[in-house]
Amino acid sequence: MALNKICTLCLRQNSRELRILNNLINKRNHFVYTADAESPVKGETTKLNMFQAINNALDSALQSDESALVFGEDVAFGGVFRCTIGLQAKYGPGRVFNTPLCEQGIVGFAIGAANMGSTAIAEIQFADYIFPAFDQLVNEAAKMRYRSGGQFDCGKLTVRAPCGAVGHGALYHSQSPEAYFAHTPGLKIVVPRGPIKAKGLLLACVRDPDPCLILEPKALYRAAVEEVPVADFVLPIGKADVLLKGEQVTLIGWGTQVHVLLEVAHLAKTQFNASCEVIDLVSILPWDRNTVCQSVKKTKRVLIAHEAPLTGGFGAEVAATIQEECFLHLEAPVARVTGFDTPFPHVFEPFYLPDKWRCLDAIRNLLDY
Amino acid sequence: MDNGWVKPGAIIIVSFMVTFKLCVSTEMSAFKLLASFLPKLPFRPFASEATFKTQPYVLYRLEGPPAPAVTLNRADALRFFEEMVTIHQMEATLNHLYKSKTVRGFCHLYSGQEAVAVGTFAALRPQDTTITTYRCHGWGFLYYQSVDPIIAELVGVRSGCVRGKGGSMHIYGKHKDFYGGSAIVGSHVPVGVGIALAHKYRNTDAVSLICYGDGATNNGNVLEAYNMAKLWELPCFFLCENNIYGMGTKLERTTKNTNVFAKGDFIPGIRVDGMDVLSVREAARFAIEHIRAGKGPIIVEAQSYRYFGHSLSDPGTTYRTYDEIKEVRTTRDPITTFNKKILEAGLATEEELAAIEKKVKASVRESATKAEADHPVDVEELTHDIYANEVISEVRGINKVWKHKSSGRAWNLK
């Protein structure tokens, strides 16, 4: 309603870019979900959306590992995104339980449990709330192995948090904090793009010998539906996926943004006859420099897109590495299309997001450079 | 004696005796008895003031409870009723607007808790300040004395109190000493303590009212705030709006000590029935008096209930039963119980109260229509007010010429 008014204002300004944005405003999501073309493992599959896949992964984790615990705010009744539905009934309140409202306490407590060998899977209700736990993650979890000379670790810690824009989250239900944590050696960070990745990555995090943070894009919980393998499987952390092969521009993103980029690749083909290669980074820490650099050396032009603000966003790290390793191959400066350097806005969200039109515009600039 | 006086005299004596007898048997005053025979007029208050018993208080580290009985005058009775009904109507309207997607974002409604805000606000003085959580529409209305800026803010239009840039959780009113709603649970409580420090330094006899819920009482922020407030004897009025559910988890499953009013360690506390506006007002008066007398911070736990879920994305029934909600609505609703009280005491008539309700409904509806007809601020404001001054000219990432501008409203520059 209010958004329609914004676009009317924009139309009056008679700007081409802003006119394109008008089409966007009437849609509910700024992306169109594209399921994975093939399953990573053979065998029986079942149709699940992302929260069901996560639920399934948690179930597997609790089943296969007696020391596994799932806890966080409101997880007992199923959680605000239904990721933990049925788990307390199945495994009992001794293994699946609610914590008080204290993120710092939750993560600290999880670190302690992990220290003692329990597979601690802590949920932070929204990634926007993770900041009280920042000290615990950065100063305790990430450094424990290092500071104790390898004697102690909390590798069995996994922290799950819903992140990213959801259309109406405003300042405190839309943030993407991956960049803050990427700056912390000792942690591992992954961002799934759909149900199959979510299940595989979550199980990988749970079984990984280092503390992991999995940021689940909340916009995909219901929107992303795929045929997910029924079996227990893990997907590699630290390995990027090339979703679409192309020759002229490399598009890099993670989470929800991957789906925006897939649509952009299609638009680039139809509008500029440009073939784009789309890479889902999957893992923020450690990130797959080889796959990225290999692709950039081939295409010579690269666009990185993420919802988080521009300055200090993870795109900056990727861009810096690309120019270090692929300098002589580049035909154009590395482009970044990101959220603006403002707090995540309330009414202005459609303008803020790195949507397909802004990305397409950047591709045109890359091609014309 | 003239014969002509016998008949009238006899009639007068008989009337008196009948009236007396009737008064005795019906236990009504003569005036009321007489009035009850008159046809019902639209405006016919019986009393200008009445006394009510307050609900029992529970104390911690305190001597002498707040008054067990309070007087309420007619003007206040009508005002409290109107304020509570307005909050109730506003929240109901926002619920509809949310369902029709006019209001977007996250919306946390105050229905059921009206008595806490109205009662406490009645005890606040002009120099006092308030800071609260995201469940702030009711407080916002009380500060603005109008639903217009609140509804407009939620709809996201420029007539909103924060020009549509804050939304439901960030209702602010600097000029009104309302330090806003806050999204992150517990994060505003130490901020409220800082505000209290300013009051103490400036010697303004002001109190910093800090509202938060039961879920927040287990948060590090709040425990740290308690300690600082008591260590430095700051004028903090900690008001816990205990609606017994922290999102989806009942209080007793989150804490060992469910006596929220006693969790401040050295800070004294009172537990009050938050569904009774008069008890809340008394407890608030008591709390403010305590602080003014230099005795330092105090915690008031107002036991209340919310009818809606935690937010409008939460149905509110996955962790509690319909029966429970219905039970509270029928037996403890703050508005219906207050309504009954003042009618019985003769402070108002049913017609008056019905007229107030009707007026409020119409005015809230009008507010909503006005808000829907308005439009949001210009998109250039996306990049305004990030910093106090124009220390950066352009905001990175923006591919047009949206500059950073200071709206000039930064009060910390004045």
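# Buried helix, domain seam and chain contact

Q: Which residues of H4(B) are buried?
A: The model is predicted. In chain B, helix H4 covers residues 114–123, and nine of the ten are buried, so the helix is largely enclosed by the rest of the structure. The buried residues are Glu114(B), Ala115(B), Val116(B), Ala117(B), Val118(B), Gly119(B), Thr120(B), Phe121(B) and Ala123(B).

Q: How far apart are the centres of domain 1 of chain A and domain 2 of chain A?
A: The domain assignment puts domain 1 of chain A at 45–229 and domain 2 at 239–368. The centres are taken over C-alpha atoms. Between them lie 26 Å.

Q: Which residues in domain 1 of chain A lose the most area to domain 2 of chain A?
A: The two domains touch through 27 residues of domain 1 and 24 of domain 2. About 1,900 Å² is buried between them, with 60% given by carbon and sulfur atoms. On the domain 1 side, three residues together account for 30% of what is buried: Glu178(A), Val191(A) and Arg193(A).

Q: Which element gives the largest share of the side of domain 1 of chain A that touches domain 2 of chain A?
A: Across this interface, eleven residue pairs are in polar contact. Helix H8 (178–182), strand S6 (188–190) and helix H9 (195–207) of chain A each supply at least two residues of the domain 1 side. The largest share is four residues, and its source is H8(A).

Q: How do the residues of the side of domain 1 of chain A that touches domain 2 of chain A divide into nonpolar, polar and charged?
A: The eleven polar pairs across the interface say nothing here of residue class. By class, this side of domain 1 divides into 16 nonpolar, seven polar and four charged.

Q: Is Arg145(A) buried or partly exposed?
A: Arg145(A) forms a salt bridge with Asp153(A), at 3.9 Å from N to O. Asp153(A) has 27% relative accessibility and counts as partly exposed. For Arg145(A) the value is 33%, so this residue is also partly exposed.

Q: How many residues apart in sequence are Asp241(A) and Arg193(A)?
A: Asp241(A) sits in strand S9 (residues 241–244), while Arg193(A) sits in the loop between S6 and H9 of chain A. Their side chains meet in a salt bridge of 2.9 Å, N to O. Both residues are buried. The pair therefore ties together parts of chain A whose separation in sequence is 48 residues.

Q: Which residues are linked with Arg193(A) in a network of salt bridges?
A: The salt bridge of Arg193(A) with Asp241(A) belongs to a network. Besides Arg193(A), the network links Asp36(A), Lys197(A), Asp241(A) and Asp280(A).

Q: How many salt bridges does the rule find across the interface of domain 1 of chain A and domain 2 of chain A?
A: Side chains of opposite charge can pair when their charged atoms come close. Over all chains, the whole structure holds 34 salt bridges. Across the interface of domain 1 and domain 2 of chain A, the count is three.

Q: How far apart in sequence are Glu381(B) and Arg163(B)?
A: These side chains meet in a salt bridge at 2.2 Å, N to O. Glu381(B) lies in the segment after helix H12 (350–373) of chain B, and Arg163(B) in the loop between helix H6 (148–155) and helix H7 (188–202). The pair links distant parts of the chain, and the separation is 218 residues.

Q: Is Glu381(B) buried or exposed?
A: The cut-off for buried is under 20% relative accessible area. Arg163(B), at 24%, counts as partly exposed. Glu381(B) has 10% relative accessibility, so it counts as buried.

Q: Which helices of chain B each supply at least two residues of the side that touches chain A?
A: The contact takes 50 residues from chain B and 43 from chain A. About 3,800 Å² is buried, with 64% given by carbon and sulfur atoms. The rule finds zero salt bridges across this interface, but five residue pairs in polar contact. On the chain B side, the helices are H6 and H12.

Q: Which residues is Pro100(A) in contact with, leaving aside its neighbours within four places in sequence?
A: Pro100(A) lies in the loop between strand S3 (96–98) and helix H5 (103–115) of chain A. At 24% relative accessibility, Pro100(A) counts as partly exposed. Its C-alpha is 8.8 Å from that of Asp74(A), 26 residues away in sequence. The contacts of Pro100(A) are Glu73(A), Ile106(A), Asn218(B) and Thr254(B).

Technical notes. Residues are numbered from 1 along each chain as its sequence is written. Chains are lettered from A and ligands numbered from 1 in the order in which they are written. This is a predicted model: local features need pLDDT of at least 70, side-chain atom pairs count only at pLDDT 80 or more; totals for chains, interfaces and linings use all residues. Side-chain values use heavy atoms; hydrogens and water are left out. Domain bounds come from an automatic or database domain assignment. Contact means heavy atoms within 4.5 Å. Buried area is the accessible area (1.4 Å probe) that two parts lose on being put together, summed over both. A salt bridge is a side-chain nitrogen of Lys or Arg within 4 Å of a carboxyl oxygen of Asp or Glu. A polar contact is a pair of N or O atoms within 3.5 Å; within protein, one must be able to donate a hydrogen and the other to accept it, and residues adjacent in sequence count only if both atoms are side-chain atoms. Ala, Val, Leu, Ile, Met, Phe, Trp, Tyr, Cys and Pro count as nonpolar, Asp, Glu, Lys and Arg as charged, and the others, Gly among them, as polar. Buried means under 20% relative accessible area, exposed over 50%, partly exposed in between (1.4 Å probe, protein chains only).
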